[in-house]
Amino acid sequence: FLGVYITFKMNRGNRSLWFDEAALAWTFGGRGLSNLTSTGLEVGQSAPVIYLYIVKFITIIFGNTEFNLRVFSSISYIGSIGLIYMICRKGLAIRFPLGVSAYVAMIPCFVRYSNVFKPYEFDALCVLLVIFTYYL
């Protein structure tokens, strides 16, 4: 719970976008739903198509703010922690899966990436989803 609290507290901090986030936001903000993936992203940026459309829907519904650009990474972070718990409990039969989840939730780079407008946490969520599906 502390990791989730920290990620949302960091997101509410009203900090500006980093250069790579701003480069992605610049390309992202200038495109609509119809042409979001029609050509490659400018300034050497890349992101999964599903990630782009989910974030685009979030910004259409709630507005194009720094918080809204980053909130899906926070949601992916929470989902990743949940999947780590499920993999440890069901797939690996670890005795204390909550301890593993708590440890992973507080890894500094995992918390930091949960609060950026980049697809890193979504990538982690997708990989964990594949691993969890394998165990099912």
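This report walks through a predicted protein model, from its overall build to a few residues and a pocket.

**Ground rules**

The model is predicted, and local features are taken where pLDDT is at least 70, side-chain atom pairs count only at pLDDT 80 or more, while totals for chains, interfaces and linings use all residues. Numbering starts from 1 along each chain as its sequence is written, and side-chain values use heavy atoms, with hydrogens and water left out.

**The whole protein**

Let us begin with the confidence values. The mean pLDDT (the predictor's confidence in each residue, from 0 to 100) is 86 for the protein, and 99% of its residues reach 70 or more. Among the elements, helix H1 has the lowest mean pLDDT, at 76, and helix H7 (residues 120–135) has the highest, at 93.

The secondary structure comes to 7 helices and 0 strands; here helices (H or I, at least four residues) and strands (E, at least two) are DSSP runs, numbered from the N terminus. Read from the N terminus on, the elements run α-α-α-α-α-α-α. The C-alpha trace spans about 50 × 35 × 25 Å along its principal axes.

Of the 136 residues, 38% count as buried. Buried means under 20% relative accessible area, exposed means over 50%, and partly exposed lies in between, with a 1.4 Å probe and protein chains only. The accessible surface of the protein is about 7800 Å², and 69% of that surface belongs to carbon and sulfur atoms; the areas come from the Shrake-Rupley method with a 1.4 Å probe, and for residues only the protein chains shown count as cover.

A contact means heavy atoms within 4.5 Å. Among contacts between residues at least 6 apart in sequence, 68% join residues at least 24 apart.

**Helix H2 and its cover**

Helix H2 covers residues 19–29, and its buried residues are Glu21, Ala23, Leu24, Ala25, Thr27 and Phe28. What covers these buried residues includes helix H3 (49–62) and H4. An α-helix has 3.6 residues a turn, so residues three or four places apart point the same way.

**Residues along H4**

Helix H4 runs over residues 66–91 and holds Ser73. Is Ser73 buried or exposed? Ser73 counts as buried because its relative accessibility is 1%. Neighbours within four places in sequence aside, the contacts of Ser73 are Tyr51, Tyr113, Ser114, Val116, Lys118 and Glu121.

Tyr85 also belongs to H4. With neighbours up to four places away in sequence left out, Tyr85 touches Pro97, Leu98 and Ser101. The C-alpha atoms of Tyr85 and Gly99 are 8.7 Å apart in space, with their positions 14 residues apart in sequence.

Met86 has its place in H4 too. Setting aside neighbours within four places in sequence, Met86 is in contact with Gly91 and Phe132. Between the C-alpha atoms of Met86 and Thr27, which are 59 residues apart along the chain, the separation is 36 Å.

**Residues in H5 and H7**

Ser101 sits in helix H5. Its contacts, not counting residues up to four places away in sequence, are Ile81, Ile84 and Tyr85.

Tyr120 is part of helix H7. Leaving out residues up to four places away in sequence, Tyr120 touches Asp20 and Tyr113. Tyr120 and Ile78 are 42 residues apart in sequence, and their C-alpha atoms are 13 Å apart.

Here is how accessible these residues are:

| Residue | Relative accessibility | Class |
|---|---|---|
| Ser73 | 1% | buried |
| Ser101 | 4% | buried |
| Met86 | 22% | partly exposed |
| Tyr85 | 27% | partly exposed |
| Tyr120 | 36% | partly exposed |

**The largest pocket**

How much space lies in the largest pocket? The largest pocket holds about 300 Å³. Of the 13 residues that line this pocket, the closest to its centre are Phe1, Ile81, Leu98, Ser101 and Ala102. Two or more lining residues come from each of helix H1 (2–11), H4 and helix H5 (97–105).

On a 1 Å grid over the protein atoms alone, a pocket is an open set of points where a 1.4 Å probe fits, with protein on both sides within 12 Å along at least five of seven lines, and lining residues have an atom within 4 Å of a point. Points are joined across faces, edges and corners, and the volume is the space filled by probe spheres set on them.

By class, the lining has 10 nonpolar, 3 polar and no charged residues. Nonpolar covers Ala, Val, Leu, Ile, Met, Phe, Trp, Tyr, Cys and Pro, charged covers Asp, Glu, Lys and Arg, and the others, Gly among them, count as polar.
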